[in-house]
Amino acid sequence: SVWDVPVGKGRRYVSSGVLSRVVEGWQLSPIFTAMSGLPFTPGINGNPANTTGGVRPDRLADGNLPRSQRTPERWFDPAAFAVPGQFRFGTSGQNVLVGPGAVNLDLMAGRTVRFGERFRLDFRAEFFNLLNEAHFLFPTATVNVANAGQISQTADAARQIQFGLKLLF
């Protein structure tokens, strides 16, 4: 969305005087994103079934932790899975675990200043991940390793700010 801030000459607020010339012409443009987590499949290290392709563990319990218990150090419960016996496929289905979601707010604040009929100066300040929220990648899905269920990386950088200035003539 784009919002013309209602301040400055001819606007609802601060519509006259020197201050109106200083604060007029601003626009705000937010982009809000909210995503639930994507499903993923647990796996095991090794191949007890002695076959080609991915081998899944036995599923002993749900494995998904309640939202209040999820942390990057323990996103799901690896104890809910076990390595199947020799020459056996595991009982776990595909996509039974849910990865981290993301909530993000990007914001652009910009202003255009006119100089006579011919010149225009555009200023932009862009804030990516304005709230500085961590957006995590999937946890380690291999259930029989020491770091099972742990998240070790973020999907993108922390808050980033950039400025732009453009002269049009």
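## W26 and the aromatic pairs

In this predicted model, W26 has a relative accessibility of 29% and therefore counts as partly exposed. The ring of W26 pairs with that of F123 in an edge-to-face arrangement, with 6.1 Å from centre to centre and 85° between the planes. W26 belongs to strand β2 (residues 26–35) and F123 to strand β8 (residues 119–128), so their contact ties together parts that lie 97 residues apart in sequence. F123 is likewise partly exposed, because its relative accessibility is 30%.

A second pair is formed by F76 and F81: the ring centres are 6.3 Å apart and the planes stand at 85°, so this pair is also edge-to-face. F76 and F81 are both buried. Ring pairs join these two residues with F40 and F138 in a cluster. Over the whole structure, the search gives six aromatic pairs.

## Overall layout

The chain contains one helix and nine strands. Read from the N terminus, the order of elements is β-α-β-β-β-β-β-β-β-β. The radius of gyration is 26 Å, well over the 15 Å that the globule rule gives for 169 residues, so the chain is more spread out than a compact globule.

Taken along the principal axes, the box filled by the C-alpha atoms is roughly 80 × 35 × 20 Å. Buried residues make up 28% of the 169 in the chain.

## The open sheet

Five strands form an open sheet in the order β1-β2-β7-β8-β9, and their pairing is antiparallel. β1 (3–4) and β9 (160–168) are the edge strands, each of them paired on one side only.

β1 and β2 run antiparallel and are joined by two bridges. Here D4 has Q27 of β2 as its bridge partner. On to the next pairing, β2 meets strand β7 (residues 102–115) through ten bridges, again in the antiparallel sense. One position in this pairing is I31, which stands opposite D106 in β7. At the other end of the sheet order, β8 and β9 are antiparallel and share nine bridges. R120 has its bridge partner in β9, namely L168.

W26, part of the aromatic pair with F123, lies in β2, a strand that pairs with β7 over ten bridges. F123 lies in β8, the strand joined to β9 by nine bridges.

## Salt bridges

Side chains of opposite charge can pair when their charged atoms come close. The structure holds five salt bridges. One of them is between D58 and R88, whose closest N and O atoms are 3.1 Å apart. This pair links distant parts of the chain, with D58 in strand β4 (residues 58–59) and R88 in the loop between β5 (81–82) and β6 (97–98), 30 residues apart. The two partners differ in exposure: D58 is buried, because its relative accessibility is 11%, while R88 is partly exposed at 35%.

R59 and D62 form another salt bridge, at 2.8 Å from N to O. R59 is partly exposed, with a relative accessibility of 30%. D62 also counts as partly exposed, at 43%.

A further salt bridge joins D77 and R74, with 3.2 Å between the closest N and O atoms. D77 has a relative accessibility of 21%; since the buried class ends at 20%, D77 counts as partly exposed. R74 is partly exposed at 37%.

## A nonpolar surface patch

Y13, V14, V18, L19 and V22 make a nonpolar patch of about 480 Å² on the surface. V22 is located in helix α1 (residues 18–23). The relative accessible area of V22 is 48%, and V22 is therefore partly exposed. The exposed class begins over 50%, so V22 stays outside that class.

Definitions and conventions:
Residues numbered from 1 in each chain as written. Predicted model: local features only at pLDDT ≥ 70, side-chain atom pairs only at ≥ 80, totals over all residues. Heavy atoms only, no water. Phe/Tyr/Trp six-rings, centres within 6.5 Å; stacked < 30°, edge-to-face > 60°. Helix = DSSP H or I, 4+ residues; strand = E, 2+ residues; numbered from the N terminus. Buried < 20%, exposed > 50% of the residue type's maximum accessible area, 1.4 Å probe, protein only. Pairing = 2+ DSSP bridges. Salt bridge = Lys/Arg side-chain N within 4 Å of Asp/Glu carboxyl O. Patch = residues over 30% accessible without salt bridge, like charges linked within 9 Å, V, L, I, M, F, W, Y side chains within 5 Å. Areas by Shrake-Rupley, 256 points an atom, 1.4 Å probe, with all protein chains shown as cover. Rg over C-alpha atoms; globule rule 2.2 N^0.38 Å.
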